[in-house]
Amino acid sequence: MTPTDLAAEDAELTRLLRLEGPMNLERAREVMQRHDLEGLVLGDPQNVFHALGYWPQISHTKAGQPPSTFVLLTRHADRVPGFVTTRFIHYYTFADARIERELDTWLYEDTADSGNETPVPDWDMFPDRHRAPLSEVEQRRRATLERVPPAQRTVRDAGAALVRAMRSRGLWQGRVGYDHPVIAEVAVRHGHPGTMVAADNILREIRIVKSPLEIRLMRRASAANLAAVEAVIRSVRAGASYTELRRVYEVEAARFGNRAVFLTVDRISNELADEKVRDGQTFFVDGVSHFRHYHGDFARTLFVGEPERAAREAAMAMRHAWDAIRGQLRPGLRYSDIVRIGREALRGGGFDTAVGFGPHSVGLAHTDEPCDDVGGFYRKSDLVLQPDMILSVDCPVLATGIGGSVHMEDLMLITADGAEPIHPLTPGTVQV
């Protein structure tokens, strides 16, 4: 596979993202109904993208600032999403995304909540001097801005715009979910009569069941991620440093259109560590990268020359257990059942090997599922598998003193009556 092979799919995914957000809206409305939410007000860039297909390029969470772009969803299928952002961002980044779906848009000038209701001048930020024809980009930006009603594009500050959008979308009553404290603070200051509910876990509950577009994005991300990991495997040789392997992964992921997140080499994730590959070593590589924010996750074990017998036996045990698990994945199975199946397979196969079976949902995050409330700390819930979930089961061998490290990992789509890989299955071990 080459990057050219993915070009047509990339173009089609871009077209689809302009028509609809990746989010499974039917699932979202079902989850909102279950939690008795009138809707969701979202400011985290990840959640804005999930709902709309547009990632605010100035990612305020990375900059340590509160969000300035928001999406409002309701549980009513006949209400279009609300969209709130600054006039500057709307003109200079949002318009260039060429989002085609209908939105109830509110634009503001000042990232504050001053209570000043005086409108700002309409066109003073982007005046046309008429000294040259507008470029295609300038025309598109101007046309996008002009589609917003004048009264909704001249709001003075963020708080006022957010409140007006909430009223417009019918979210000024009842229970409303939010993903950033600034949203709740604005609601309280303006006398929101309903209940504001922290919705991180609710959003994870929505995300675990993928829409058809999300599944396509995951297949695309996984194809490139697998290609990048395989490039690393081809570059392995005695004497190569782990830093060199990570650089190969980062370059190859980018060449295929992905962005590298991490490459774990021989259980080592810390980038300050720089060990060397040695002849006779067994070790794994585990790569995570994303395409349009959807993640691939793939791991394989390498034998550099002739491995220790213990390492080869550990790899056989790992593969035996993963084959048993993969053959039984289906809707209705719990995470805890997956662990049980893996352990039973080891015992049934006569293997005395410690393997950690770690199921996790993969999507907009590497670990993307609801969690239990354990005093503010994160612990995965014991989820029941459902159709259209995408699952990884980490299978690392936990034993030490066997001549290296052993692990493999594939991404599986849960279907109506079983499961299927979203990328080609390759041998769990590779001799180099």
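This section describes sheets, helix packing and selected loop residues in a predicted model.

Two open sheets were examined. One contains four strands, ordered S11-S14-S15-S16, with antiparallel pairing. Its edges are strand S11 (358-361) and strand S16 (419-421). Each of these has a single partner strand, so one side of each is left without a neighbour in the sheet. From one strand to the next, the twist averages 35°. Inside this sheet, strand S14 (residues 390-394) pairs with strand S15 (residues 411-414). Three bridges connect S14 and S15, in the antiparallel sense. Leu-391 has Met-412 of S15 as its bridge partner.

Two helices lie across this antiparallel sheet. Helix H9 (residues 212-235) lies across S14, S15 and S16. The direction of H9 is at about 165° to S15. Helix H12 (residues 335-348) lies across S11 and S14. H12 runs at about 145° to S11.

The other open sheet also has four strands, here in the order S8-S9-S10-S17. Its pairing is mixed. S8 and strand S17 (429-431) are the edge strands, and each pairs on one side only. The twist in this sheet averages 25° from one strand to the next. A parallel pairing joins strand S10 (residues 294-303) to S17 over three bridges. Within that pairing, Phe-303 is bridged to Gln-431 in S17. Helix H11 (residues 309-328) lies across S9, S10 and S17. The angle between H11 and S10 is about 140°.

A hairpin was also found. Strand S12 (residues 371-374) and strand S13 (residues 377-380) run antiparallel and are joined by four bridges. Two residues lie between S12 and S13 in this hairpin. One residue in the turn, Gly-375, has a positive phi of about 70°. Val-374 stands opposite Phe-377 of S13.

Cysteines were considered next. No disulfides are found in a search of the whole structure. Cys-371 has a relative accessibility of 18%. The cut-off for a buried residue is under 20%, and Cys-371 therefore counts as buried. Cys-395 is likewise buried, at a relative accessible area of 0%.

Helix-helix packing was examined for one pair. Two packed helices are described by the angle between their axes and the distance between the axes. For helix H3 (residues 45-52) and helix H8 (residues 200-207), the angle is about 40° and the axes are 12 Å apart. That angle makes H3 oblique to H8. The crossing of H3 past H8 is left-handed. On the H3 side, the contacting residues are Gln-46, Asn-47 and His-50. They meet Leu-203, Ile-206 and Arg-207 of H8.

Backbone angles were then inspected in the loops. Most residues other than glycine have a negative phi. Arg-98 is not a glycine, yet its phi is positive, at about 55°. Arg-98 sits in the loop between helix H4 (87-97) and strand S4 (104-110). With a relative accessible area of 43%, Arg-98 is partly exposed. Asp-266 also has a positive phi, near 55°, and is a residue other than glycine. The position of Asp-266 is in the loop between strand S8 (259-265) and strand S9 (282-291). Asp-266 is buried, at a relative accessible area of 16%.

The loop between S8 and S9 also holds Glu-271. Glu-271 has a relative accessible area of 59% and is exposed. Within this loop, then, Asp-266 is buried, whereas Glu-271 is exposed. Glu-271 and Thr-301 are 30 residues apart along the chain. Their C-alpha atoms are separated by 20 Å.

Definitions and conventions
Residues numbered from 1 in each chain as written. Predicted model: local features only at pLDDT ≥ 70, side-chain atom pairs only at ≥ 80, totals over all residues. Heavy atoms only, no water. Pairing = 2+ DSSP bridges. Axes fitted to C-alpha atoms, helices over the stretch in contact; angles between N-to-C directions. Contact = heavy atoms within 4.5 Å. Disulfide = S-S within 2.5 Å. Buried < 20%, exposed > 50% of the residue type's maximum accessible area, 1.4 Å probe, protein only. Parallel < 35°, antiparallel > 145°, perpendicular 65-115°, else oblique. Left-handed = near helix turned anticlockwise from the far one by under 90°.
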